[in-house]
Amino acid sequence: MRELRLVTDKHEWGLMQSSPDEAQLLRMLIKLMGARNTIEVGVFTGYSLLATALALPADGRVIAIDVDREYYEIGRPFIEKAGVAGKVDFREGPALDHLDALLADERNLGAFDFAFVDADKPNYVRYHEQLLRLVRVGGTIVYDNTLWAGTVALPPDTPLSDLDRRFSAAIRDLNARLSADDRVEVCQLAIADGVTICRRLV
């Protein structure tokens, strides 16, 4: 974990990496749940993916989805070194398409214990609807960046870059929807860039 984190820190997009305390939280949640089948939407170099794979039992698996295999290949040697590559099923391409493909097989409905989402923010709401069908009742979906550097709490006229304005609006929309969604129990934590844990109720 440390070796991969240090390598990713040197990458030009290293700021996209999950923080150590967030990775520790994911590992603890997976272990507490006894999760075996998990999904990760958005992989980058695989720091949170490695945390997940290490937490899963020997017969566990994580379907890891990302549009860019090149970034994943940076982390793959560390996943192999940790001896958990056999738990990882990496799938390249748009997550919406891969999740739809999973949903097309009825055996996958409610078949997953845990999901972690750290991908394109404007699609979070769509991922939520897909994952609610894939994750079992009592299972957990975790969303990253749900505070977006605190911008979600700023006045609407606050000067922001185009990207920050678009992503902040998407995250505010997600937060509002999650708070009103009676299908999940929600806990938002102010660690890293904001982590929201959703437990599926129905």
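**Entry 1: helix H3**

I started with helix H3, residues 47–55, and found it mostly covered, with eight of its nine residues buried. I listed the buried ones: Tyr-47, Ser-48, Leu-49, Leu-50, Ala-51, Thr-52, Ala-53 and Ala-55. A reminder to myself before going on: this is a predicted model.

**Entry 2: the sheet**

Next I wanted the strand order. I traced seven strands in an open sheet, ordered S3-S2-S1-S4-S5-S7-S6, with mixed pairing. At the edges I found S3 and strand S6 (184–189), each of which pairs on one side only. I noted an average twist of 15° from one strand to the next.

Then I came back to H3 and asked which strands H3 touches where it packs on the sheet. I got S1, S2, S3 and S4, and the direction of H3 makes about 175° with that of S1. I put the same query to H6, which also packs on the sheet: H6 touches S1, S4, S5, S6 and strand S7 (195–200). Its direction makes about 155° with that of S5.

**Entry 3: strand S4 and its neighbours**

I looked up strand S4, residues 112–117, to see how covered it is. Six of its six residues are buried.

On one side, I saw strand S1 (residues 37–41) pair with S4 in the parallel sense over four bridges. Within that pairing, I found Val-41 opposite Val-117 of S4. On the S5 side, S4 pairs with strand S5 (residues 135–144), again in the parallel sense, over five bridges. I picked out one contact point there: Phe-112 has Val-135 in S5 as its bridge partner.

I also checked how the chain gets from S4 to S5. S4, helix H6 (residues 124–134) and S5 make a β-α-β unit, and I logged its hand as right-handed.

**Entry 4: S2, S3 and the other crossover**

I turned to S2 and strand S3 (residues 88–92), which pair in the parallel sense over five bridges. Here I found Ala-64 standing opposite Phe-90 in S3. Between S2 and S3 the chain passes through helix H4 (residues 69–81), and I recorded this β-α-β crossover as right-handed.

**Entry 5: an aromatic pair**

How many aromatic pairs does the structure hold? I counted four. I opened one of them, Tyr-72 with Phe-90, and found the pair stacked, at 4.1 Å centre to centre and 0° between the planes. Tyr-72 lies in helix H4 and Phe-90 in strand S3, so this pair ties together parts that are 18 residues apart in sequence.

Are these two residues buried or exposed? My cut-off for buried is under 20% relative accessible area. Tyr-72 is at 6% relative accessibility, so I count Tyr-72 as buried. Phe-90 is at 11%, so Phe-90 counts as buried too.

**Entry 6: the nonpolar cores**

I went to the largest nonpolar core, which has 30 residues. Which members touch the most others? I wrote down Ile-39, Leu-99, Tyr-127, Leu-131 and Ile-141. The elements that give two or more residues to this core are S1, strand S2 (61–66), helix H5 (95–103), S4, H6, S5 and helix H7 (162–179). I noted that H6 supplies the largest share, six residues.

I followed Ile-141 further, leaving out residues up to four places away in sequence. On that basis Ile-141 touches Ala-115, Val-117, Leu-131, Leu-132, Val-135, Thr-196, Ile-197 and Cys-198. I had already met Val-117 opposite Val-41, and Val-135 as the bridge partner of Phe-112.

I also found a second, separate core of 28 residues, which includes Val-43, Ala-53, Phe-78 and Phe-114. Ala-53 was on my earlier list of buried residues in H3.

**Entry 7: two positive phi values**

Last, I looked at the backbone. Most residues other than glycine have a negative phi, so I flagged the exceptions I came across. Trp-148 has a positive phi near 40° without being a glycine, and I placed Trp-148 in the loop between S5 and H7. Ala-149, also not a glycine, has a positive phi of about 55°, and Ala-149 is found in the loop between S5 and H7.

I checked how covered each one is. Trp-148, at 14% relative accessibility, counts as buried, whereas Ala-149 is exposed, with a relative accessible area of 68%.

How values were computed:
Residues are numbered from 1 along each chain as its sequence is written. This is a predicted model: local features need pLDDT of at least 70, side-chain atom pairs count only at pLDDT 80 or more; totals for chains, interfaces and linings use all residues. Side-chain values use heavy atoms; hydrogens and water are left out. Buried means under 20% relative accessible area, exposed over 50%, partly exposed in between (1.4 Å probe, protein chains only). Two strands pair if DSSP finds at least two bridges between them. A crossover is right-handed if, with the strands pointing away from the viewer, the path from the first strand over the helix to the second runs clockwise. A nonpolar core is a set of buried Ala, Val, Leu, Ile, Met, Phe, Trp, Tyr and Cys residues joined through side-chain atoms within 4.5 Å. Contact means heavy atoms within 4.5 Å. Rings of Phe, Tyr and Trp (its six-membered ring) pair if their centres lie within 6.5 Å; planes under 30 degrees apart count as stacked, over 60 as edge-to-face and the rest as tilted. Axes are lines fitted to C-alpha atoms, for helices over the stretch in contact, and angles run from 0 to 180 degrees between N-to-C directions.
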